[in-house]
Amino acid sequence: MEWPGAARIAVMATVMFEAWPEGKGPPYGPMASSLREGTLDLQSVSWANYAGRTGIWRLLRLLKDFGIAATVCANAHALERFPDAAKAMAREGHEVAGHSYTQDVFLPYLNAEDERALIRRCGKIIEAHCGARPVGWASPRMTPTPLTAEILAEEGYLWHGDYHDADLPYVVTIGRRRLVALPHSDFTDNRVLRGSPRDFYDAYKDTFDYLYENEPGSILNVTVHAHFGARPPLAAMLHAIFRHMRGAKDVWFARHDEVARHVLSGETQ
């Protein structure tokens with residue numbers, strides 16, 4: 001892949017900004033023991049709410065310090081609950097992409113009509129809170145249905161982030177429309193939930209160094225969750241990762257939509 005300015009590597013910074021319904025939290029967490037099913041788990045709820053109350057703000061500061069514009073894959077409900085954060089993302093030049101309404105609404109559980117309605121509803125909420133319609137989508141669990149790409153193409157989206165079969169972006173042709181398939185991260189922050197934060201740094205530093213030296217034209221997706229990766233132990237590692245990458249020459253830090261437009265422009269030449 002040829003990147004703008006003859007960059008050796010493209011780096012996409014990705015923030016997952018997620019929310020769960022009232023009284024619910026993620027199915028995973030820092031506690032080693034789980035409560036009985038059906039029990040209100042306020043620890044889990046509070047842990048999830050860190051994303052909008054604290055985490056997203058630290059990430060915005062960190063990204064600003066390094067001059068990096070990220071793509072925020074946001075549950076639409078997270079934007080409704082934290083409208084100031086939604087405005088700040090748009091104001092500071094970050095892309096906001098669709099990521100379902102809440103994190104527990106999985107597309108394979110929906111029929112075609114409900115899936116289309118969900119995607120449209122999320123798009124309207126993002127536009128209302130961020131000032132622009134989204135052009136990208138990443139499903140919860142990065143799990144689409146056989147119709148997701150078709151719906152996104154019909155709705156005018158540029159990229160779809162649910163692909164795991166390639167290391168580089170590629171174009172999916174759907175009728176007369178084209179959609180850019182973007183690879184997801186192979187090592188998101190929650191991989192080290194109960195391990196060492198240093199593993200997160202080591203994985204991305206070593207991967208970046210390998211690709212930079214051996215595979216010019218590659219791409220690396222650095223992904224963190226605002227309710228986990230923004231906490232100080234992981235934020236410190238993210239800071240170190242970006243500092244390392246900023247120290248290298250010919251690195252293109254790009255939002256997902258910028259990568260998608262670049263790929264599509266190459267297809268039309």
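Angles under 35 degrees between helix axes count as roughly parallel. In this predicted model, helices H1 and H3 pack at an angle of about 15°. H1 and H3 are therefore roughly parallel to each other. Their axes lie 10 Å apart. The crossing of the two helices is left-handed. On the H1 side, the contact is made by Ile-56, Trp-57 and Leu-60. On the H3 side, Asp-84, Ala-85, Ala-88 and Met-89 take part. H1 covers residues 42-66, and H3 covers residues 83-91.

Strand E2 spans residues 71-74 and is covered on both faces. Thr-71 and Cys-73 are buried on one side. Val-72 and Ala-74 are buried on the other. E2 has strand partners in E1 and E3. Strand E1, residues 9-17, pairs with E2 in the parallel sense over 4 bridges. Here Thr-14 stands opposite Thr-71 of E2. The chain passes from E1 through helix H1 to E2. This β-α-β crossover is right-handed. H1 thus has two roles in this description: it links E1 to E2, and it packs with H3.

The pairing of E2 with strand E3, residues 95-98, is parallel too, over 4 bridges. In this pairing, Thr-71 stands opposite Glu-95 of E3. Thr-71 therefore serves as a reference point in both pairings, with Thr-14 of E1 opposite and Glu-95 of E3 opposite, and its side of E2 is buried. 

Two further residues show contrasting exposure. Tyr-101 lies in the loop between E3 and helix H4, residues 112-130. At 15% relative accessibility, Tyr-101 counts as buried, because the cut-off for buried is under 20%. Tyr-101 and Ala-76 are 25 residues apart in sequence. In space, their C-alpha atoms are 4.7 Å apart. Leaving aside neighbours within four places in sequence, Tyr-101 is in contact with Asn-75, Ala-76, His-77 and Glu-80, among others. The list of contacts also includes Leu-118, Arg-121, Cys-122 and Ile-125.

Glu-2 lies in the segment before E1. At 71% relative accessibility, Glu-2 counts as exposed, because the cut-off for exposed is over 50%. Glu-2 and Glu-154 are 152 residues apart in sequence. Their C-alpha atoms are 28 Å apart in space.

Definitions and conventions. Residues numbered from 1 in each chain as written. Predicted model: local features only at pLDDT ≥ 70, side-chain atom pairs only at ≥ 80, totals over all residues. Heavy atoms only, no water. Buried < 20%, exposed > 50% of the residue type's maximum accessible area, 1.4 Å probe, protein only. Pairing = 2+ DSSP bridges. Right-handed = clockwise from strand over helix to strand, strands pointing away. Axes fitted to C-alpha atoms, helices over the stretch in contact; angles between N-to-C directions. Parallel < 35°, antiparallel > 145°, perpendicular 65-115°, else oblique. Left-handed = near helix turned anticlockwise from the far one by under 90°. Contact = heavy atoms within 4.5 Å.
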